[in-house]
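This report goes through one protein chain, starting with its charged side chains and ending with its enclosed spaces. Please keep the sequence and the model at hand while reading.

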Amino acid sequence: MGGIVLLVVGSAVSRTLDMEDPLWERVADACSPTLRASLFRSGMYPIQEARDSLADTCLSLGLRHQLDLPGKHRFWRTVQLQVGFSGKSGAARLWAWLAGFSMPETMKTLLGETGYNGSDTFKRLWWLLHKWSASLNDTDLEEDLLRNPWYPSEAHSAIKASLSGERKFALPGIGMLDDNQVSTLLSTAKFKKREFEIRLSDFLPGEVDASAASTLRLYVEGFNEVLRLIRNEDGSRELEGGCLRIGVWNALQNPTREVRVIGQSGTLYKERLELWPDDLDVLLWEESTGRLVRDLTRFQAEGGRGYFLITRSEARIFTNLGEVNCLDRSDYWSLYSFPHGFPPAMEVILDGSAIWAPELPSIATMTLKGSSLRIRELSINSLSVEVIAPPGWAIDGFRFCGRRFTGRTAQIDISPIRKYENRVAHLSLHRGEEELTVSCRSEQASEHATGAAFQDGAGEWHPILQGKALDGGNLDGRILATSWSEDQSADPWLTLGSQPLLALPRSSRRQRYIACGESLQLRFGLMNEVTSSRITLAPAVYSTGMLAAVLEEPGRYLLVLREPIEAIDDFRIWVWERGSSLPRRLISDVVTPQSDNQGFSVSSRSVAGPMSWAIELDGGWRGARFHVEPHSKIWPLLCDAWTNTLSRDSGWYATASALRWWRFPVLMKPFREPVQAQASQFRIETFKAWIDSASPAGAEVSRVALEFYINPLRTFLWNWQPRAGECMQIWTDLQSEVTTAFEKGTISLSTTLLLIAHPVLLAKIVSEILWTNLREAEAKVPTILDNNSFRKVPSPVQISRIETEYRALFGHAADLIEQNAGYGKPPTGMSSYQYLRSEALSELKSWTDARPLDDSFFQENILRPAEALFDGEPADTNRLMVAVSRSRACCAFLVSYLLKLKGLRKYE
């Protein structure tokens, strides 16, 4: 019985949760003490017997399940397959899912043809939602929707409001393609038994989950131990000891800290752990559940229930019996315990006045008409604050966001990912001898500032200066926040060159920025962008990886890493010197690892005129850096040296290949111009160097490594029209790799890269290769006498047979692209070709529009320019480039479309 009870209770609870809520903890809380003990014992995850019983229940009753998946998430997903999605998730995210962004895997499973897990009723629901979202006033569709058993009708009003054109976007941006910005390593901290308990997240970040290492290390700033992440036999990860525990004294020193997952070659993943927001004065935890109460203004204390309070260290707590002593404290925070509930008439006193009381939680202090606190955004990470007092009252100071200020104005540094409007402020006023502390809520008195900022490892925010090139290594694993004025809010996108990174990019975090000198921009609309509204946040972004700095000291160059590396002895150092077309790897005799494992010392006598440095591990790039920083005094001299190297008349193939491995920012000024000139003169050499895994840069053969040069490949070779001879040369070089993959029913790594970077060029090369082979085959056909013209002509029977064979080859090539596009099997009644077109239209829609892209717009602005580009005819291809950059379904569809249109019809 335990399994069916666990499944029923789990499904019922899941129906009420948001996606990010921890399912099993909520299920455990919902159980009676007896039931909880039988299913969970003393933990927050079902015991093995309960999980086995749940599996038996699914198998015996023929229920949907994903028990064949590795890891503990198979039980979570099995529960979700009974629910579909909850009302809260639907209200918050359904409009994004319908737009094609970050749909949960369980919903994809229900919509797919994956055996017993697909659901025709759920597919019907999804069809109804698409139809209804485009016509919310259609009552027939709405009634049909409400009758569907998968639909969370209890949240219908909220879902309808979220799909309406007047909705307010409050979600953070959702990543494109494989990127998932909300993925976190650790779950929400619980405060129990005077320590914070943090478990692994239900969904580990991809960098951690995909690591083949049996053991990874977890480093937490300020925590003496380094924990281990152990891979279980089923492929899941488990935190040694079950969870991370941080004692209260340690936590009171600093509530936020750096967290890193470390492999042998360095950090795989990093984020910041926040035990509680550090800009509040009072924080409350439930003793029984360990949960932080998020909104104190709506809190209602329950008699006899235990609570913990953490306050600013200068605060005091009083009751009708006197002052309450704290249990523990630091210079910044104090901990109080109320195991039997709050005593009568309790108040938290700060700066001489009550700021919170459990009996009056909203605002404990009085208000005064005419008093206000106004905030003006000076930049994305700074505010100007001004207090207004009624006539006759003088201002002594005020308290706002956890800080005390004197006078009536102040300028403060802020976190751009937090809201500062409508927050409670406490004002200290006096009129003659009368002193008064009053409360008010902050008011926004200016437009939102425009710009971007990133958070460093210490939690400090740094604005991105719009006129300076940006070190992408400073962004890796860090939160990036962006802001813009409300009059530019239509369909905002963060882009890196032509590559869309994120829609509605208020805040995001990526572990790696694939940057080759592209500009970081805010665009408003992609397919119908008003370019005059475009905001350039940084003119160029360049990748530096683990290499944090290059310092020149007497007798040596010091290469500084971003963090200590355990395997530092296995790293190798490369240098690119003035006048050389290629870099060289330094011998170990001239390189000395630093004793702190966080850098290398290179003898200056061993290097002549360094322009750039790189670090390598087992053939793989781990970081690179210019010898001097951009915008330094001698930067122009270094640029001149690089321009000379990039403009050499010979050896471009080897140089271009090395540039790809180096992650050199070829799209950054002033390097772009000489590279463009070389790419225009040596197109096939550039193509092979940047796409062929067998090129000299191919020591690091992985899709991630190759994808670094997608934007340069697309940019520099966008208008290339390869001749038949060039295409045959490409085929000669890549035939073995392509044929091997074809025999396995897949496409090669190089083909995949070209498919994503430039699908029109891929279709052109495939067509030219097949056309050339077709002509050669037709040329070998023996001639026969034509009785009608009395002339010798190639045998019509053999010509027809050859053309039929090549029509089939064009079809096979198109089918292979469709099958390996990464979108799975199409729904019943729809071909792969139709499915890719549908997905492309969905992915290319506006972020603020629930409807797919208009088919006629797609035909006019995407397909026709693609045909023109294929044929070498003039056309406006700006929207085509956006579509290729944004949608992989569009890339695959374009290749299939062009092969079928141009290839099959050429000889009809």
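## Salt bridges

Asp-281, Arg-312, Glu-314, Asp-351, Arg-399 and Arg-404 are joined in a network of salt bridges. The model is a predicted one, and the count of salt bridges in it comes to 47. Three pairs are set out in the table.

| Acidic residue | Basic residue | Closest N to O distance |
|---|---|---|
| Glu-154 | Arg-15 | 3.6 Å |
| Glu-221 | Arg-272 | 3.9 Å |
| Glu-258 | Arg-272 | 4.0 Å |

Glu-154 forms its salt bridge with Arg-15. Glu-154 is in the loop between helix H9 (139-147) and helix H10 (156-163), while Arg-15 is in the loop between helix H1 (2-14) and helix H2 (23-30), so the pair ties together parts that lie 139 residues apart in sequence. Glu-154 counts as exposed, with 53% relative accessibility; the cut-off for that class is over 50%. Arg-15 has a relative accessible area of 23% and is partly exposed.

Arg-272 appears in two of these pairs, with Glu-221 and with Glu-258. In the pair with Glu-221, distant parts of the chain are linked: Glu-221 is in the loop between strand E3 (215-220) and strand E4 (227-231), Arg-272 is in strand E8 (residues 266-274), and the two are 51 residues apart. Glu-221 is partly exposed at a relative accessible area of 27%. Arg-272, at 18% relative accessibility, counts as buried, because the class takes in values under 20%.

The other partner of Arg-272, Glu-258, belongs to strand E7 (residues 256-263). Here 14 residues separate the pair, and again distant parts of the chain are linked. Both Glu-258 and Arg-272 are buried.

## Trp-333 and its surroundings

Is Trp-333 buried or exposed? Its relative accessibility is 3%, so Trp-333 counts as buried. This residue is placed in strand E14 (residues 333-338).

Leaving aside neighbours within four places in sequence, Trp-333 is in contact with residues including Leu-252, Pro-255, Trp-276, Pro-277, Leu-280, Leu-283 and Ile-310. Among its other contacts are Asp-278, Thr-311, Ser-313 and Asp-328. Trp-333 also touches Arg-312, a member of the salt-bridge network described at the start. By contrast, Arg-237 is 96 residues from Trp-333 along the chain, and the C-alpha atoms of the two are separated by 34 Å.

## The chain as a whole

The protein chain has 26 helices and 43 strands. Its radius of gyration is 31 Å, close to the 29 Å given by the globule rule for 908 residues, so the chain is as compact as a globular protein of that length. Along the principal axes, the C-alpha trace spans about 120 × 75 × 60 Å.

Of the 908 residues, 54% count as buried. Among contacts in the chain with a separation of 6 or more, 65% come from residues 24 or more positions apart.

## The second largest pocket

The second largest pocket has a volume of about 700 Å³. Its lining is made up of 27 residues, and those nearest its centre are Trp-731, Val-738, Phe-742, Val-766 and Ala-813.

Which helix gives the most to this lining? Helix H19 does, with 7 residues. At least two lining residues come from each of helix H19 (724-743), helix H20 (749-757), helix H21 (759-779), helix H22 (796-819) and helix H26 (888-905). By class, the lining holds 19 nonpolar and 8 polar residues, with no charged residues.

## Cavities

The structure holds 7 cavities of 30 Å³ or more. In the largest cavity there is about 70 Å³ of space. Its lining includes Tyr-542, Ser-543 and Thr-544, together with Ser-612. Further lining residues are Ala-624, Arg-625 and Phe-626, as well as Trp-662, Arg-663, Phe-664 and Pro-665.

Strand E41 (residues 620-626) gives the most to the lining of the largest cavity, with 3 residues. By class, this lining divides into 6 nonpolar, 3 polar and 2 charged residues.

How values were computed. Residues numbered from 1 in each chain as written. Predicted model: local features only at pLDDT ≥ 70, side-chain atom pairs only at ≥ 80, totals over all residues. Heavy atoms only, no water. Salt bridge = Lys/Arg side-chain N within 4 Å of Asp/Glu carboxyl O. Helix = DSSP H or I, 4+ residues; strand = E, 2+ residues; numbered from the N terminus. Buried < 20%, exposed > 50% of the residue type's maximum accessible area, 1.4 Å probe, protein only. 1 Å grid on protein atoms, 1.4 Å probe; cavity = no way out; pocket = protein on both sides within 12 Å on 5 of 7 lines; lining within 4 Å. Points joined across faces, edges and corners; volume = space filled by probe spheres on them. Nonpolar A, V, L, I, M, F, W, Y, C, P; charged D, E, K, R; others polar. Rg over C-alpha atoms; globule rule 2.2 N^0.38 Å. Contact = heavy atoms within 4.5 Å.
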